[in-house]
Amino acid sequence: MKKAPKVLLPALRPWRAFTRALAGIMPKGLYARSLLIVILPMVLLQSAVALVFMERHWQMVTFRLSNAVTQDIAALIDVYRDFHKLDPDNSKLEEIARRRLNLDVEILPAGPLPPALPKPFFSLVDRAMSSEIAKQIRRPFWIDTVGRSNFIEVRVDMGDAILRVVALRSQAYASNSEIFIVWMVGAALVLITVAILFLRNQIRPILALADAAEEFGKGREIEFRPRGAREVRRAAYAFLEMKRRIERAMEQRTTMLNGVSHDLRTILTRFKLSLALLSDQNEARELTADVDEMQRMLEAYLAFARGDIGEAAAPTDIPAMLETLRQEGERLGHATEVIYAGEPIATVRPDAFKRCLANLLINAARHGRRIRLEGSCDAKFLQIHVDDDGPGIPAEQREEVFRPFVRLDEARNQDEGGTGLGLAIARDIARSHGGEIFLSNSPLGGLRASVRAPV
């Protein structure tokens with residue numbers, strides 16, 4: 001895409017500011033945006049139809065009705081001029097106007113007309129009547145279209161008398177506007193209701209697909225069946241195929257690792273048997289310790305590579321799990337306390353999640369004397385903090401410790417330094433739940449490891 005010339009940039013800034021402001025107030029959900037796409041053109045179309053109807057139909061009908069009423073008034077003026085001598089009290093004129101023209105007519109003595117009234121801004125009948133009287137009668141007149149809402153009063157100066165005419169407002173104005181408004185609003189409501197029902201049914205398969213993908217990312221299994229429009233079904237089938245490939249790859253990896261584990265355990269067992277037959281017990285003792293260390297490292301590596309695959313997520317009592325970990329911390333010789341708040345039941349893979357917390361507990365026990373397990377659970381997230389009072393980890397090295405086989409301590413003895421897989425396994429388990437592990441400073445003065453996972 002070509003960039004706009006620098007000369008046009010100042011002119012484009014208001015437009016860009018407008019588009020950013022508009023994007024900020026527009027709905028973010030697909031359902032709301034789809035409704036807006038359907039409803040906004042409908043509202044604009046109805047508004048355009050109403051405007052055309054107002055400007056064309058109502059204006060045309062009102063001017064025609066006003067023209068007819070003005071012609072009746074002009075005819076009455078002509079009758080008064082020509083036959084006034086035959087009807088000096090104007091009773092016949094008033095009777096004809098009332099019976100034939102549905103007008104209330106009165107001949108008033110000559111005199112000044114009442115002061116002109118302020119013109120109403122939106123009164124179409126006032127403009128139509130004033131225009132027609134000025135065009136057809138061409139005499140001084142006074143008109144009142146707002147004094148009494150159901151009537152129109154017109155006074156015309158005939159020189160020797162004042163002709164006062166009171167007509168029904170419906171005679172000069174198209175009074176069926178309510179029918180049109182009701183029809184327009186009713187049709188819009190029916191169309192909007194149909195659009196809402198239709199779009200809701202179209203959005204549901206998309207939301208179901210999103211929920212299935214989210215649950216799969218958390219390591220959970222839900223029943224999902226493709227449905228909806230053709231494009232949505234295509235995306236759903238692609239998701240299911242991707243899910244099957246991932247599960248197949250994980251199953252193959254597990255099978256391979258189980259085979260490797262069996263073969264290596266067999267070799268280590270042979271080493272142990274050979275060492276047990278050695279005559280030099282001191283040398284055999286050292287070699288046996290090395291073989292045990294190799295087996296321990298092998299088990300840790302396989303556990304990290306396997307990642308507790310195959311365990312199903314289930315509702316789990318988190319406070320009970322933390323209490324079990326507290327007892328384990330006490331067995332390790334460390335003062336351990338548990339603090340928990342919120343919903344006690346959360347859906348996790350119990351063994352895997354416990355192992356994640358146990359690795360963090362062992363890491364805290366290795367470097368500190370006091371341990372605290374603090375947990376909370378709300379409608380969205382389960383969060384567990386493992387605090388210790390040890391030396392902590394510098395902020396610039398906190399991400400590095402999650403790499404496999406990385407140990408910050410300089411201990412050469414593997415029993416002291418560990419294999420460097422504990423935090424890597426913990427993070428792998430947390431991420432398999434759709435969560436994460438963060439390291440920060442602990443209130444106890446050492447390191448805080450925080451596990452956060454969606455529920």
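These questions and answers concern three residues of a predicted model.

User: Is Glu286 buried or exposed?
Analyst: In the predicted model, Glu286 sits in helix α7, which spans residues 281-306. Its relative accessible area is 57%. The cut-off for this class is over 50%, so Glu286 counts as exposed.

User: How far apart in space are Glu286 and Leu275, C-alpha to C-alpha?
Analyst: Along the sequence, Glu286 and Leu275 are eleven residues apart. In space, the distance from C-alpha to C-alpha is 9.8 Å.

User: Which class of accessibility does Ile267 fall in?
Analyst: Ile267 belongs to helix α6, residues 230-276. Its relative accessibility is 38%. Because buried requires under 20% and exposed over 50%, Ile267 counts as partly exposed.

User: What is the accessible area of the nonpolar surface patch that includes Ile267?
Analyst: Ile267 shares this patch with Met256, Val260, Leu264 and Phe271. Patch members need over 30% relative accessible area, and Ile267 has 38%. Together the patch residues have an accessible area of about 420 Å².

User: Is Ile384 buried or exposed?
Analyst: Ile384 is placed in strand β9, residues 381-388. Its relative accessibility is 0%. The limit for this class is under 20%, so Ile384 counts as buried.

User: Which residue, 27 residues from Ile384 along the chain, has its C-alpha atom 8.3 Å away?
Analyst: Residues up to four places away in sequence aside, Ile384 touches Ile318, Leu322, Phe353, Glu374, Gly375, Ala449, Ser450 and Val451, among others. Another residue that Ile384 touches is Leu357. The residue with the C-alpha separation of 8.3 Å is Leu357.

Terms used: Residues are numbered from 1 along each chain as its sequence is written. This is a predicted model: local features need pLDDT of at least 70, side-chain atom pairs count only at pLDDT 80 or more; totals for chains, interfaces and linings use all residues. Side-chain values use heavy atoms; hydrogens and water are left out. Helices (H or I, at least four residues) and strands (E, at least two) are DSSP runs, numbered from the N terminus. Buried means under 20% relative accessible area, exposed over 50%, partly exposed in between (1.4 Å probe, protein chains only). Patches are made of residues with over 30% relative accessible area and no salt bridge: like charges are joined within 9 Å, nonpolar side chains (Val, Leu, Ile, Met, Phe, Trp, Tyr) within 5 Å. Accessible areas come from the Shrake-Rupley method with a 1.4 Å probe; for residues, only the protein chains shown count as cover. A salt bridge is a side-chain nitrogen of Lys or Arg within 4 Å of a carboxyl oxygen of Asp or Glu. Contact means heavy atoms within 4.5 Å.
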